[in-house]
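Reader: I am new to this structure and would like a close look at a single part of it. Please pick one helix, go through its contacts, and then relate it to the rest.

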Amino acid sequence: MKSSHTLLALAVGLALAAPLALLARAEGSRDALPAAPTSNQATTARLVHGLLSDSRYAYRPRVLDDALSQDVLERYLDTLDPGKVFLTAQDVAGFSKFATRLDDAIKSGEVDPAWAMFAVYRQRVGERIAHARGLLKGNFDFAGGERYEYDREDAPWAASGAELDALWKQSVKNDWLRLKLAGKPSEEIRKTLDKRYANLLDSIAELKGEDVFQSFLNAYAGAIDPHTDYMTPRSAANFNVQISNSLEGIGAVLFKQDDIVVVREMVPGGPAARGGKLRSGDRIVGVGQGGSGEMKDVVGWPTDDVVDLIRGAANTQVRLDVVSAEAPLDSKPTRILITRAKVRLEDARAKAEEVLLPAAGGQPARRIGVIKLPGFYQDVEARRRRDGDYASATRDVARMLEQFRAQKVDGVVLDLRGNGGGSLSEAIELTGLFIDQGPVVQVRESGGRVSVENDRNPGVAWDGPLAVLVNRGSASASEIVAGAIQDYGRGLVIGETTFGKGTVQSMVDLDRWPANEEPRFGQVKLTIAQFFRPGGSSTQNRGVVPDVAFPTSVDASEYGESTYDNALPWTRIAAAPHVQYGNFASLLGKLEARHAARVANDVEFQWWVEDVARFREEQAKKSVSLNETERRAERDRFDRLRKQRAAVRANLGIAQDPLLEQQAADDGLQANERNVAADVAREEAAKKSRDPLLRESAAILGDAIGLLGADAGLSAQVLPQARGGTRWVD
């Protein structure tokens, strides 16, 4: 059973993931779960209803009536128990009395039904976890033909608690078998799993009424469309950190391990990293403000609350009491004083590198510049303040393109794989780095009015050959850029068909409070428009189809806009007049033929194709064997594959694949049960591993340069002189 996944499923879409609270804190505890919604939450529900039902705000408003109420109920149940492993059919039948009452509850702000359903859920979770822990007192037989049916998305609700107990027994057996296959002795397995299940209770006990409320309102928001969300003030603040790519604090990534908040890693260049005293694996047991503020014991605190204490304004100080990973927890802590600063989130920032293509087939060696862009970030507040160093994806990319021009690279690949979007203005401005003054995206509002968003700046930052690399995880702003580059004929699009998110969201602040007060109501990420490419086609549902396709790593039926039951359909509008720099239709056959011939002899690319096929085969499975002999045989087959590849790599003189090595080293432990420093080291090694898809994308661009020439089709040499990076400074 996906026990941790199921319990944590409520947090999908929250800035800081956390599960629903299982048990309220003990009476008098600092974090006791309120028995009913607060007056602020009642007001918030009414405000959210006003937004989502009004066509002046929502792109596709829906009347909150009995039909939508039924939809909200089903979505809330799916949020509470997506795997159908806690609630019984009888429980769900009991909730049917709310089927036509949730609309009235939201309109009036009296959302007590959400608490009533949660109370039943909380009781059932306690029963199931207690049963799971009780099973650990016995032993298991792994010799039979039993299979664990873990995919219950389409399964009916269990008829009884006894049926769920049987399912949980399979789940515990699977957890036990994974640890046994990793070589753990029985007593260690028993101790590890008991601690794991106990930690589930502890972690979910940390959540507050705001988490229940947020999840319920998101059941309503999700019934409107897939990308409308409600965020509590805390969640909204964390979302803004992500989109701005910066925060003020010490620059450390924290997570919960057992009952302690632990340092996972330091943000490069941040105060913690520069100070050199904090290390991965250090456990934070106390936090104090300034040089003399009270030290608060934070053992057992929720991670969010510890983060709130550690974050603070730049140039202020915070004191941390830490115990190293190697020392017993009751050791005397070391006190560290750190001065907070503004921190850029480096992992989410654009990065540049080069791919060297050797001479081949009569073509000279080429140097291809690569820019990896994980998101379209912008620090809106800093830009408004005219901060000369505000975080901006476009500014960062422009500086890298300037370096590539100076280095005289032959072409550039813009890597947007896994880039889920971000700022619309950044997508428009970044596209303007490659095209000269013209439409980038068309935006249709709820009333039907269409506006054209243009790049209005003359010249380009890069006028040479260009390719855009995408995959199924490239969404929204990534699709705007890739679609515009394709419509202009400005560059090749390579990879997989993109996600298919063609809608625009805006953050609506529900608070109107004086400057000296804390926000009370939160924010709504509201769908306000649909965007279209310059050529008039929407990316909605269909995505951007690449010019040169790689094997599909994720099936469209499992991931993407088309998987949402209430996603907007694809449509098109009239094209906006724009320049056509090139047309690659006659070139694509030759590029695909060269690509196919090259990858047929590329060992790493073929391994990737094999891994994709194996991954998709595993994803299609609904169950797993609980027979030790079968599972061990599967493990041995994988181990032989890993060793065979390692031998080939050694013969070819290429680096080991750390991701494959990490799979082979699977010890049955969850992330918060492993050695933190070792995990971080493996992840850092994985980041530096060779990327056959990126290398092949560069080679395809090199082929295009050879076939067309650097000054034809793929380039924008007809444009004015390239502009510098300063135009984006307000």
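**Helix H19 and its surroundings**

Author: Asp-639 and Arg-642 form a salt bridge in which the closest N and O atoms are 2.7 Å apart. The model is predicted. Both residues belong to helix H19, where they sit 3 residues apart, about one turn of the helix. An α-helix has 3.6 residues a turn, so residues three or four places apart point the same way. The two partners differ in cover: Asp-639 counts as partly exposed because its relative accessibility is 24%, while Arg-642, at 16%, counts as buried.

A second salt bridge in this helix joins Arg-632 to Glu-628, again with the closest N and O atoms 2.7 Å apart. Arg-632 and Glu-628 are 4 residues apart in helix H19, and are therefore separated by about one helical turn. Arg-632 has a relative accessibility of 32%, so Arg-632 is classed as partly exposed. Glu-628 is buried, with a relative accessible area of 18%.

Glu-628 also meets the side chain of Lys-180 in a salt bridge, at 3.0 Å from N to O. Glu-628 lies in helix H19 (residues 628-652) and Lys-180 in helix H7 (residues 161-181), so this pair ties together parts that are 448 residues apart in sequence. Lys-180 has a relative accessible area of 31% and is partly exposed. The structure holds 45 salt bridges. Elsewhere, Asp-91, Arg-124, Glu-127, Arg-128 and Asp-165 are linked in a network of such bridges.

On the surface, Val-648 and Leu-652 join Val-603 in a nonpolar patch, and the three together have about 200 Å² of accessible area. Val-603 is found in helix H18 (residues 603-620), and counts as partly exposed at 30% relative accessibility.

Two members of the salt-bridge network, Arg-124 and Arg-128, are among the buried residues of H6, along with Phe-118 and Tyr-121. Helix H6 (residues 112-135) has 24 residues and should span 34 Å at 1.5 Å a residue; its end C-alpha atoms are 35 Å apart, which agrees. Phe-118 and Tyr-121 form one aromatic cluster with Phe-86 and Trp-168.

There are 13 aromatic pairs. In one of them, the rings of Phe-499 and Tyr-564 have their centres 6.5 Å apart and their planes at 50°, so the pair is tilted. This pair links distant parts of the chain, 65 residues apart: Phe-499 is in the loop between strand E17 (492-495) and strand E18 (503-509), and Tyr-564 is in the loop between E20 and helix H17 (585-600). Phe-499 counts as buried at 7% relative accessibility, whereas Tyr-564, at 35%, counts as partly exposed.

E17 and E20 belong to an open sheet of 6 strands with mixed pairing, in the order E11-E12-E13-E16-E17-E20. Strand E11 (351-357) and strand E20 (548-549) are the edge strands, each pairing on one side only. Within the sheet, E13 pairs in the parallel sense with strand E12 (residues 366-372) over 5 bridges, and Ile-368 stands opposite Gly-411 in E13. Strand E13 (residues 411-415) also pairs in the parallel sense with strand E16 (residues 466-470), over 4 bridges. There, Leu-466 is the bridge partner of Val-412. Both faces of E13 are covered, with Gly-411, Val-413 and Asp-415 buried on one side and Val-412 and Leu-414 buried on the other.

Key:
Residues numbered from 1 in each chain as written. Predicted model: local features only at pLDDT ≥ 70, side-chain atom pairs only at ≥ 80, totals over all residues. Heavy atoms only, no water. Patch = residues over 30% accessible without salt bridge, like charges linked within 9 Å, V, L, I, M, F, W, Y side chains within 5 Å. Areas by Shrake-Rupley, 256 points an atom, 1.4 Å probe, with all protein chains shown as cover. Salt bridge = Lys/Arg side-chain N within 4 Å of Asp/Glu carboxyl O. Helix = DSSP H or I, 4+ residues; strand = E, 2+ residues; numbered from the N terminus. Buried < 20%, exposed > 50% of the residue type's maximum accessible area, 1.4 Å probe, protein only. Expected span 1.5 Å × (residues − 1). Pairing = 2+ DSSP bridges. Phe/Tyr/Trp six-rings, centres within 6.5 Å; stacked < 30°, edge-to-face > 60°.
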